[in-house]
Amino acid sequence: VIKNGIEAEELKNFMGKKVTLHGSIYKIRKMSGFAFVLLRTKRAVVQCIYSEEFATFALEELVEESTVKVEAEVILEERSKVGYELRLLSLKILSKPLEEAPVVIHNKLVEASIDTLLNYRPITLRNERERAIFKLQEGIAGGFRKFLAEQKFTEIHSPKIVQMGAEGGANIFSLNYFGKEAYLAQSPQFYKQMMVGVFERVYEIAPVFRAEKHDTSRHLNEYTSVDFEMGYIESFEEIMQMESCMLKATLSYLKEYYQKELFLLNISLPVIEEIPTIRFNEAKELVAKEYNRTICDMSDFEPEEEKLLCEIIERTTGSEFVFVTHYPSSKRPFYAMEDPKNTEETLSFDLLFRGLEITTGGQRIHDFKEQVDKLLKRGMNVEDFQSYLMMHRYGMPPHGGLGLGLERFTSKLCNQNNVRYATLFPRDINRLQP
Ligand code: AMO
């Protein structure tokens, strides 16, 4: 009994043997005198041969998407891609669908609108290619984890019900917490900083919540944030360096362990050598000049500008990634460290990939007085921040870190133009189900 699914290439290990497998009937292709039955197992879709001569059941009993336990013999078959095939002997139906699926699952692509794809997520993900996106996402998170563990980062789990927002702005969900007002965490920002004072290097891969009202292809109301934070840095460039290495290691990890998914999704992985860096002001001017655009807002990037900047960088350097540094202080949260050479700018960065911001990071203020002064300058109530300021009060190493949107990175890696394709069950302003 093979309990762990099987890949076609592994059949040779069972040559001439009878095996018992569990799976779903993916597709039935009738030929004259026999049929190809594709069985979707845990790990891959494998081809079985049905013929009346050997099978103890009638083909008519089989319905696509039935879950089954089959007994089959591994036989030599030169016409098969891997040289082997499963000859069906007996079969037990474990469950039968009540009706035909709302979309054809076994086509190469599920031919449906994104809404249909998401409305029927538990079904449409049975498609081999659709589910590969999430296997690849597992690999991305796995690659990050492996790299960060090797770099001696400690994995933490911070609370998602919190007393205040970390990122500022109004995009925060509130909830009633036993009669008190509480919020869903916009990011693990305060907690990862606090834990730098304890473990020096920490990371977390967990959901965060943003009450963004806009309906775009980049925004989710709940997404998975990959955060790390590290102490005793001398400059924010060390964070960028760490991220470059993390991405490089993760791409190699995918190449090594996720060949099948990369093939199914027709992905050629980007190559990272040295990721180019450009200052925010220069990037704004470069885009304006190259595309003859007027700059409407000098304090932030428009999505179109991010796209155009990536085009220029790719054209001139070949890199699909670009770091944009020194974002204006006015656009960064109160914890961001300002550049001592020009306090209008912060020691921070974004990483853009294939036209989209996938990361924000930077150095944080570690000095108590400096942090209090900045809160006051922004008209914020220092009393509200006592638990955050505790770490500053009792000594903090210079530190910094970043947050990367897992769905944004996955969707861009898969050449998808909407983060929802890389989100199992997206939460957006219109979607709370399934
Ligand atoms: P920021 O708010 O820029 O920074 O978020 C970091 C990264 O998270 C992703 N992201 C989103 N993905 C999907 N839907 C959204 N609504 C959404 N908002 C953000 C993006 C973005 O680059 N605490 C800081 C990080 C840090 O400095 O460590 C933060 O959360 O990929």
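The following dialogue considers the ligand site and the strand pairing of a predicted model.

Colleague: Which residues are the closest to the ligand, and how many surround it?

Modeller: A shell of this kind is read from the residues around the bound molecule. Here 22 residues surround the ligand, and the closest are Glu167, Gln189, Lys192, Glu357 and Arg364.

Colleague: What polar contacts does the ligand make with Glu167, Tyr335 and Gly405?

Modeller: A polar contact is a pair of N or O atoms within 3.5 Å. In this model, a nitrogen atom of the ligand lies 2.7 Å from an N or O atom in the Glu167 side chain. A ligand nitrogen atom is also 3.2 Å from a polar side-chain atom of Tyr335. With Gly405 the protein partner is a polar backbone atom, located 3.2 Å from an oxygen atom of the ligand.

Colleague: How much of the accessible area of the ligand does the protein cover?

Modeller: On its own the ligand has 630 Å² of accessible area, of which the protein covers 93%. The ligand takes up the space of the largest pocket.

Colleague: Which elements give two or more residues to the shell around the ligand?

Modeller: These elements are helix H4 (189-199), strand S17 (356-363) and strand S18 (399-405). The most comes from S17, which gives five residues.

Colleague: How do the residues of the shell divide into nonpolar, polar and charged?

Modeller: The shell around the ligand holds five nonpolar, nine polar and eight charged residues.

Colleague: What is the order of the strands in the open sheet of eight strands?

Modeller: One reads a sheet by following its strands from neighbour to neighbour. The order here is S6-S10-S11-S18-S17-S16-S13-S12, and the pairing is mixed. Strand S6 (154-155) and strand S12 (277-279) are the edge strands, each pairing on one side only. S17 and S18, which both contribute to the ligand shell, stand side by side in this order.

Colleague: In which sense do S12 and S13 pair, parallel or antiparallel?

Modeller: S12 and strand S13 (residues 321-325) pair in the parallel sense, over three bridges. As one example, Thr277 has Phe323 in S13 as its bridge partner.

Colleague: How many bridges join S3 to S5, and how many does S4 form with S5?

Modeller: Strand S3 (residues 45-50) runs parallel to strand S5 (residues 84-95), and two bridges join them. Cys48 stands opposite Leu86 in S5. Between strand S4 (residues 67-76) and S5 the sense is antiparallel, with 10 bridges. There, Leu76 has Tyr84 in S5 as its bridge partner.

Terms used:
Residues numbered from 1 in each chain as written. Predicted model: local features only at pLDDT ≥ 70, side-chain atom pairs only at ≥ 80, totals over all residues. Heavy atoms only, no water. Near = heavy atom within 4 Å. Polar contact = N/O pair within 3.5 Å; in protein donor to acceptor, adjacent residues only side chain to side chain. Areas by Shrake-Rupley, 256 points an atom, 1.4 Å probe, with all protein chains shown as cover. 1 Å grid on protein atoms, 1.4 Å probe; cavity = no way out; pocket = protein on both sides within 12 Å on 5 of 7 lines; lining within 4 Å. Sits in = over half its atoms within 2 Å of the grid points. Helix = DSSP H or I, 4+ residues; strand = E, 2+ residues; numbered from the N terminus. Nonpolar A, V, L, I, M, F, W, Y, C, P; charged D, E, K, R; others polar. Pairing = 2+ DSSP bridges.
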